[in-house]
Amino acid sequence: MPGTPGAPGTATAGVLSDLRAVDGALYAAVAATPTPTLDVALRRLSRTADHSKISLTVAAGLALLPGRPRKAAVVGVAAVALASASANLLGKRLVRRRRPDRERARVIVARQVPMPESASFPSGHTASATAFATAVGVALPPAAVPLGALALAVGYSRVHTGVHYPGDVAAGALLGFASAAAALTFVHAPLRLTGR
């Protein structure tokens with residue numbers, strides 16, 4: 001029967017409640033950890049990543065080079081478009097998770113960026129940065145490590161500045177991987193097959 005102890009629905013609700021508790025605890029731990037040296041840099045990184053400006057700038061640079069770099073730019077931009085649309089038009093509207101309460105968590109002002117008005121889940125910044133890093137990294141392997149590190153930093157910066165829970169960032173990363181896989185399937189593979 002639904003609602004009885006041990007029923008699948010009860011177990012699922014319990015697991016989700018526990019995951020939310022862990023998510024909140026991790027957010028609070030980051031907020032409570034003093035990191036004055038990192039605060040300004042991560043705030044700047046988070047702001048610079050708005051609207052995928054970093055990824056699009058890198059893509060513009062790659063597009064100036066013929067061959068694999070240009071193809072990597074194309075698939076990277078396609079991955080960003082898929083990730084951004086999936087996060088903002090689907091994920092945030094379906095889940096509608098509230099943004100964290102920075103005042104209650106006592107996130108210091110030196111870290112803060114403007115709190116977005118959109119829902120918290122998933123992190124669109126992380127989804128787009130991960131999608132770009134993954135797609136470009138597959139198409140142009142030498143770029144994989146630096147872009148992957150940059151995507152990790154962007155994702156963490158969103159927790160550090162207090163605008164996302166860690167779970168939002170993890171979900172954004174998964175969405176980014178899926179978006180990159182789709183972009184590689186629909187953009188990169190046909191280009192490789194035709195030899196363009």
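Start by selecting Asp 23 and Arg 97 in this predicted model. Their side chains meet in a salt bridge, with N and O 2.9 Å apart. Asp 23 sits in helix α1 (residues 8-32), while Arg 97 is in the loop between α4 and α5, so you've just linked distant parts of the chain, 74 residues apart. Show the surface and you'll find that both residues are buried. What can bring two such side chains together? Side chains of opposite charge can pair when their charged atoms come close.

Keep Arg 97 on screen and add Asp 168. These two also form a salt bridge, and their closest N and O atoms are 2.8 Å apart. Asp 168 belongs to helix α8 (residues 166-194) and Arg 97 to the loop between α4 and α5, so this pair ties together parts that are 71 residues apart in sequence. Asp 168 is buried too, at 0% relative accessible area. Because they share partners, the salt bridges join Asp 23, Arg 97 and Asp 168 into one network.

Next, pick Arg 111 and Asp 39, another salt-bridged pair at 2.9 Å, N to O. Arg 111 is in the loop between α5 and α6 and Asp 39 is in helix α2, so parts 72 residues apart in sequence get tied together here. Are these two buried or exposed? Arg 111 is buried at 1% relative accessibility, and Asp 39 is buried at 3%. The full count for the model is four salt bridges.

Now for some backbone oddities. Most residues other than glycine have a negative phi, and most peptide bonds are trans. Select His 51, in the loop between α2 (36-48) and α3 (53-63): its phi is near 60 degrees, a positive value. His 51 is exposed, at 72% relative accessibility. Then jump to Arg 106, in the loop between α5 and α6, where phi is also near 60 degrees. Arg 106 counts as exposed at 69%. In the loop between α5 (102-105) and α6 (124-139), find Pro 122; the peptide bond leading from Phe 121 to Pro 122 is cis, with omega near -5 degrees.

Move on to helix α7 (residues 144-160) and try the distance tool: the end C-alpha atoms are 24 Å apart, which agrees with the span expected for 17 residues. Buried residues in α7 include Leu 147, Ala 151 and Val 154. Just after α7, Gly 162 has a positive phi of about 90 degrees.

Last stop: select Leu 89, Leu 90, Leu 94 and Val 95, which make a nonpolar surface patch of about 420 Å². Leu 94 lies in helix α4 (residues 68-95) and is exposed, at 71% relative accessible area.

How values were computed
Residues numbered from 1 in each chain as written. Predicted model: local features only at pLDDT ≥ 70, side-chain atom pairs only at ≥ 80, totals over all residues. Heavy atoms only, no water. Patch = residues over 30% accessible without salt bridge, like charges linked within 9 Å, V, L, I, M, F, W, Y side chains within 5 Å. Areas by Shrake-Rupley, 256 points an atom, 1.4 Å probe, with all protein chains shown as cover. Helix = DSSP H or I, 4+ residues; strand = E, 2+ residues; numbered from the N terminus. Buried < 20%, exposed > 50% of the residue type's maximum accessible area, 1.4 Å probe, protein only. Expected span 1.5 Å × (residues − 1).
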